[in-house]
Number of protein chains: 2
Amino acid sequence: MANLADLIEDFIKDMFSRIPGGILDIQRNEMANRFGCAPSQINYVLTTRFTLERGYFVESRRGGGGYIRIRKLKIREDEFLKEIIDYIGDSISGSEARALITRLREEKVISEREKEILNAVINRYNLGIPLPERDRLRARILKSVITAIMDYEARKGGELS
Amino acid sequence: MANLADLIEDFIKDMFSRIPGGILDIQRNEMANRFGCAPSQINYVLTTRFTLERGYFVESRRGGGGYIRIRKLKIREDEFLKEIIDYIGDSISGSEARALITRLREEKVISEREKEILNAVINRYNLGIPLPERDRLRARILKSVITAIMDYEARKGGELS
DNA sequence: TGATTTGACTTTCCCTGACCTTCAATTATA
DNA sequence: TATAATTGAAGGTCAGGGAAAGTCAAATCA
């Protein structure tokens, strides 16, 4: 412990505990100032600690009035999700992915249209990069999509078509 | 948020929601006065937020009695999607992609849930590969998703939430 | 050796001010 | 009176400064 990245991580998580709603906007420079470090250190923390696997989603905007927005996803406790994320691991082939998507449809986790969308997303020609990186990319994207769906449902609740 | 350009954008969009017809006339100076900014700021907002890509068309007239007229375009869905694919080209940045997804949602081409899914898919942190290949990958995925949607609609048709 | 940290450099976005163009109305002039 | 010049009221353009955040590779640390 006691390295900077961990401190910053804890600090941000602490901020989350103090706000309602699960959406936190921070300023990169302000953060860097507070910890007396290089601004890029903040990026390092975000890319290593606030990942989807760990239940966060990060967006940002540059320029005047820019910000970094961190969303804490509402689904960490979902067993089904965990299993799927585990199953995907950090690499998944096209056929495994298609089977998984079919399964998600059968379980009514996704709609017919969403199934088509996902199949398009994980298609090898669309990913268009060589193996084995392609299977890793596919895994990242699939996990992010499933996470997004779960988070959406956790936030809004509701059924599917 | 909280930058002027966003406020002005919201203000204008709010005016649109209050009028019938989709044609809105504004005065540049009056607008600048209302927001206490330079008149050219209004042009900035118009050229960055009320573009064709985002579904608006702007005309104006100088001189005494001059005005700026903003038209909200009506779309024909099939052509619209083809145009979007052209617009994407073979590389697209994250912010362009987000604007595009927002537009697809505004035009009710996609559902709220699908919007979340797509935002997750095109997110920098989730794609996790370096530029410039990242922007190309994003373009390929987005185009294939849109194609899949067109295809699905052609086969099944139907409305959205 | 892998994780952390930094710094130099890049890119994106916002906002303004100085200067330009267009148009309509009014005034001056032949 | 018919036309020409003037004026003032719009809107347009562009370069530049500044404010963020992003990238990447080299250095450092455990």
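This report describes the DNA-facing surfaces, domain layout and selected buried residues of the structure.

The model is predicted, so local features need pLDDT of at least 70 and side-chain atom pairs count only at pLDDT 80 or more, whereas totals for chains, interfaces and linings use all residues. Residues are numbered from 1 along each chain as its sequence is written, chains are lettered from A and ligands numbered from 1 in the order in which they are written, and side-chain values use heavy atoms, with hydrogens and water left out.

**Surface near DNA strand C**

A residue is near a strand if one of its heavy atoms lies within 4 Å of it. DNA strand C has 27 residues around it, of which Ser40(A), Tyr44(A), Arg61(A), Tyr44(B) and Arg61(B) come nearest. Both protein chains supply helices to this surface: helix 1 (4-18) and helix 3 (39-49) of chain A, and helix 1 (4-18) and helix 3 (39-49) of chain B, each provide at least two residues. Helices here are DSSP runs of H or I with at least four residues, numbered from the N terminus. By residue class, the surface near DNA strand C comprises ten nonpolar, eleven polar and six charged residues. In this classification Ala, Val, Leu, Ile, Met, Phe, Trp, Tyr, Cys and Pro count as nonpolar, Asp, Glu, Lys and Arg as charged, and the others, Gly among them, as polar. Sugar or phosphate accounts for 61% of the atoms of DNA strand C within 4 Å of the protein, and bases for the rest.

**Surface near DNA strand D**

Around DNA strand D there are 32 residues, and those that come nearest are Arg28(A), Asn43(A), Ser60(A), Ser60(B) and Arg134(B). This surface divides into seven nonpolar, 17 polar and eight charged residues. Of the atoms of DNA strand D within 4 Å of the protein, 64% are from sugar or phosphate, the rest being from bases.

**Polar contacts with the DNA**

A polar contact is a pair of N or O atoms within 3.5 Å. The table lists examples for the two strands.

| Protein group | DNA atom | Distance |
|---|---|---|
| Leu4(B), polar backbone atom | strand C, phosphate oxygen | 3.0 Å |
| Ser40(B), side-chain N or O atom | strand C, base oxygen | 2.8 Å |
| Ser95(B), polar side-chain atom | strand C, phosphate oxygen | 3.0 Å |
| Arg28(A), polar side-chain atom | strand D, base nitrogen | 2.8 Å |
| Asn43(A), polar side-chain atom | strand D, phosphate oxygen | 2.8 Å |
| Ser60(B), side-chain N or O atom | strand D, phosphate oxygen | 2.7 Å |

**Domains and buried residues**

An automatic or database domain assignment divides chain A into domain 1 (4-72) and domain 2 (79-156). The centres of these two domains of chain A, taken over C-alpha atoms, are 26 Å apart.

Ala97(A) belongs to helix 5 (residues 94-106) of chain A. Its relative accessibility is 0%, and Ala97(A) therefore counts as buried; buried means under 20% relative accessible area, exposed over 50% and partly exposed in between, with a 1.4 Å probe and protein chains only. Leaving aside residues up to four places away in sequence, Ala97(A) touches Ile92(A), Ile122(A), Arg138(A) and Leu142(A), where contact means heavy atoms within 4.5 Å. Ala2(A), 95 residues from Ala97(A) along the chain, has its C-alpha atom 40 Å from that of Ala97(A).

In chain B, helix 6 (residues 112-122) is mostly covered, with ten of its eleven residues buried. Among them are the charged residues Arg113(B), Glu114(B), Lys115(B) and Glu116(B).

Cys37(A) is buried at a relative accessible area of 17%, and Cys37(B) is buried at 16%. The structure holds zero disulfides over all chains, a disulfide being a pair of cysteine sulfur atoms within 2.5 Å.

Conventions: Polar contact = N/O pair within 3.5 Å; in protein donor to acceptor, adjacent residues only side chain to side chain.
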